[in-house]
Amino acid sequence: MKAHSGEVGVYVRIRPTANFSQDIIECLPDGQTVNIHHKKDTKKPLCSRKIQRSSWSFRLEGVLQDVSQEEVYTRVCRRVVLGALDGYNGTVLCFGQTGAGKTYTMTGSTESYKQRGIIPRAIQEVFQEVQKRTEHTFSVYLSYLEIYNETLVDLLASLQSSAHPSPRSMVISEEPGRGVFIRGLSLHPIHSEEEALNLLFEGEMNRVIGSHALNRNSSRSHCIFTLHLESRSRTLSDAKYVTSKLNLVDLAGSERLGKTGSEGQMFKEAMYINKSLSFLEQAILALADRRRDHVPFRQTKLTHALKDSLGGNCNTVLVANIYGEASQIEETLSTLHFASRMKCIRTNPAVNEHMDPAAQIKKLKKAVQMLKEELSFGNTLVDRPSVLYDPLSEAQLAEIDSQVQKYLEGSLKEISIISVSQVRALFAKFKLAVQGQEQKVNARLRQTYNLGEENQRADTPAIKEWDTRGSTEEDEAGSFEVSQKNTQRPSSTRAKTKKSKDKQSQSKRQGEESPLSKKRSDSASKPKLNSVQSPEREQELQEPDTESQEPQESQPNGKEPFHPDSTLTKAEAFDDFKMGRGSKLNRILQENKAVLLERRSLHWQLTDKVNAVKREIDCTAATMQQYRETRGGQGRYSEPDDTLLNQLRELKALYRQRYEVLNDIKAEINYCQHLVDQCRVRLLSEFEKWYKKYFLVPEEDLETSMDNTLDQCDDNQLPPESSSSESFHNARYRMLRRRNTRSLCVTPEQRSSSSGSGQRTLSPR
Ligand code: ADP
Ligand code: MG
């Protein structure tokens, strides 16, 4: 049977009485309408009397007058119970003044089976249905909660094996997927109607009964009897299952405070009841008003506990219990008003469907296992039987780690790919390695440029240790600062640099040389005596320079960091770079270029000499030829003079030697050229990095100005030399010169082991 959707089902049940006031309470034959004809209290002021109505008509789902308990259950509750078995939440509420028959309707007489109420009948129906619905397995749990003076009481706590939870330990909670529930309320699994009835009667016994002026046996508390149902299909083995809650609620008397004449404890009880029912009414008004998006459920325990049992996705039914006597007409009227408001609440019941996580996991595991088997079958077919698809073990991860280390060090040329999980693990290790490297570089850069909070740590032992670790690329930055100081470049702050620039241009205008340009021209006019240096050999060059770091050490710690002037053109920035951060690289470039030039001039000289020997050989050969022809003219052939032959032989040997030296020089020139190119590229790339970092120039600007910068690089703008490194390079150059001179003057015997390439004329390049 399908639970209905639409509005809350509202019924009126009239307590049987011998004094039924027919003239006041009129039940129409349609069985759904109650008309009340009543003149209000005439003691009230005249002005309010004018607007007092005397008749009301209430059209409800049904009017239950003189009907049996069985009919009440069938008409009011049956569909809600069946809906709960299908997975819909259901709530049946009895509302009305004390003594009107709420408990009689809900629980009924415990002495007479025929007069049993909704709860025992619902229990019976549930277990009968469970027996009938063989295609499903059902779990039934039961709880019985009492809300007395805003305190939660577990009416079945006495049945718990553990210590009784104190009322304070219960709290109303809400969880997605589970809805509202009472944390700490005992849930009792039940397997039969009898078990459930035992619990019901136990709970009834435990109810707080207060004495009352109107009816001593009526409860002064709200009671919520709940059946928690869960059903799973026996036929379908999927992970889906449905749950539902069937709330059977016996509300406390709704009479107004003044009517009871309560005092002390009774007054307090009445006050709490009034308060909670008034909030229940507010919640119902809010639920009925579709424009309202907030319903004040949390104002009392009652509305909070019934949050998902009033309207919404729940099948809700209200039984409004009223007296038939004229004496209770005002409370009757009030109850009927409440009932008609309740009728306005729209409901949209929905099945509470869930996925069983354990069953789902089991199902997925089975699927994974099947796929693994499929994969290994496929791998066997393509001759890859060793591929595993289980998660990597600790040992495998350690092996991958070591492979990555070796690969990064260069001792392992390649890593064979085995599986996707291995590739993932490799990427993870590489990421870690990159991150570690990044951190190291950042720390060094910060330390080098005295940036950020790292300033404070400049003197920490770790950094000192790094400082003493020989020269590295980063050391250049340190020597850059030395260079700044040595060249007496103005302070590196933007303002000062700009000032210096202005000063320079002013000096230029006045036809004077600035100290800086003077230094440049001095350096340019000096003869450059350098040896060939590869960029990789910068480290060697650091050695003499480290000695010159004394001025840097004597610098105050609070020295300002270098900030290049952003107003500089790129060419000017390049000049600055060559004098500062890139001074070493630039110096190497210039020195290499000087050596290259020197080698080229040597090559030209040697080519002249080789050509001179060649000319002599030609000349000697011509003389010999002439001699032969002269003798041949006289009718006999004669060998040339031995002297001429020896001379020619010697000349040829000399030619071969010189030619070999020339080849050596050519190889050296090629090597020098390569180093110069390498230096230039390195200088430019370092500059670009530096420039991007400090000037943040967009990519396209960098590219357009690259050619100009390259040209300037070739302009032989020599950087200022450090005096100590200059002497070193001069000495080195002299040694190279001596070696070359010696190789030019090598004797034929010394070179006899090497073979010449024939008599080729060389022309100077
Ligand atoms: P409430 O719970 O609303 O305070 P009760 O259910 O305790 O009121 O009813 C008060 C008395 O009236 C009880 O003795 C009950 O047996 C009796 N009573 C109420 N309604 C009926 C009814 N429909 N038929 C017979 N007796 C009733
Ligand atoms: Mg009662």
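**Entry 1: charges over rings**

Over the ring of which residue does the charged end of R232 sit? I looked this up in the model, which is a predicted one. The ring belongs to Y241, and the charged end of R232 sits over it at 4.2 Å from its centre. I then turned to Y113 and found R116 over its face, 3.7 Å from the ring centre.

**Entry 2: salt bridges**

I searched for salt bridges and obtained a count of 21. I noted several of them individually.

The side chains of E7 and R346 form a salt bridge, with 3.7 Å from N to O. This pair links distant parts of the chain, since E7 belongs to strand β1 (residues 6–7) and R346 to strand β16 (residues 346–347), 339 residues apart. I checked the accessibility of each partner. E7 has a relative accessible area of 28% and is therefore partly exposed. R346, at 42% relative accessibility, is partly exposed.

E175 and R183 also meet through their side chains in a salt bridge, at 3.4 Å from N to O. I recorded E175 as partly exposed because its relative accessible area is 33%. R183 counts as partly exposed at 41%.

Are R599 and E598 buried or exposed? I first confirmed their salt bridge, which has an N to O distance of 2.5 Å. R599 has a relative accessible area of 2%, so I entered it as buried. E598 has 11%, and the cut-off for buried is under 20%, so E598 is buried.

I closed this entry with a network of salt bridges that links D86, E129, K132 and R133.

**Entry 3: helix α5**

I compared the length of helix α5 (residues 193–206) with expectation. Its 14 residues should span 20 Å at 1.5 Å a residue, and the end C-alpha atoms are 20 Å apart, so the two agree.

Which residues of α5 are buried? I listed A196, L197, L199, L200, G203 and E204. These residues cover an arc of only 160 degrees around the axis, and therefore lie on the same side of α5. An α-helix has 3.6 residues a turn, so residues three or four places apart point the same way. On the face of α5 turned away from the buried side I found the exposed residues E194 and M205.

I next asked what the buried residues of α5 pack against. They pack against α4 (118–132), β8 (136–148), β12 (188–190) and β13 (222–233).

**Entry 4: aromatic pairs**

My search of the whole structure for aromatic pairs returned 9. One of them joins Y407 and F430 in an edge-to-face arrangement, with 6.0 Å centre to centre and 75 degrees between the planes. This pair links distant parts of the chain: Y407 is in helix α11 (residues 394–409) and F430 in helix α12 (residues 420–449), 23 residues apart. Y407 is partly exposed because its relative accessible area is 37%. F430, at 24% relative accessibility, also counts as partly exposed.

I then examined F577 and W690. Their ring centres are 5.1 Å apart and their planes stand at 45 degrees, so I recorded the pair as tilted. The pair links distant parts of the chain, with F577 in helix α19 (residues 570–579) and W690 in helix α21 (residues 642–695), 113 residues apart. Both F577 and W690 are buried.

Finally, I looked up the cluster that contains F577 and W690. One aromatic cluster is formed by F574, F577, F687, W690 and Y691.

Terms used. Residues are numbered from 1 along each chain as its sequence is written. Chains are lettered from A and ligands numbered from 1 in the order in which they are written. This is a predicted model: local features need pLDDT of at least 70, side-chain atom pairs count only at pLDDT 80 or more; totals for chains, interfaces and linings use all residues. Side-chain values use heavy atoms; hydrogens and water are left out. A salt bridge is a side-chain nitrogen of Lys or Arg within 4 Å of a carboxyl oxygen of Asp or Glu. Helices (H or I, at least four residues) and strands (E, at least two) are DSSP runs, numbered from the N terminus. Buried means under 20% relative accessible area, exposed over 50%, partly exposed in between (1.4 Å probe, protein chains only). The expected span of a helix is 1.5 Å times one less than its number of residues. The arc is that of the directions from the helix axis to the C-beta atoms. Contact means heavy atoms within 4.5 Å. Rings of Phe, Tyr and Trp (its six-membered ring) pair if their centres lie within 6.5 Å; planes under 30 degrees apart count as stacked, over 60 as edge-to-face and the rest as tilted. A charge sits over a ring if NZ of Lys or CZ of Arg is within 6 Å of the ring centre and within 35 degrees of the ring normal.
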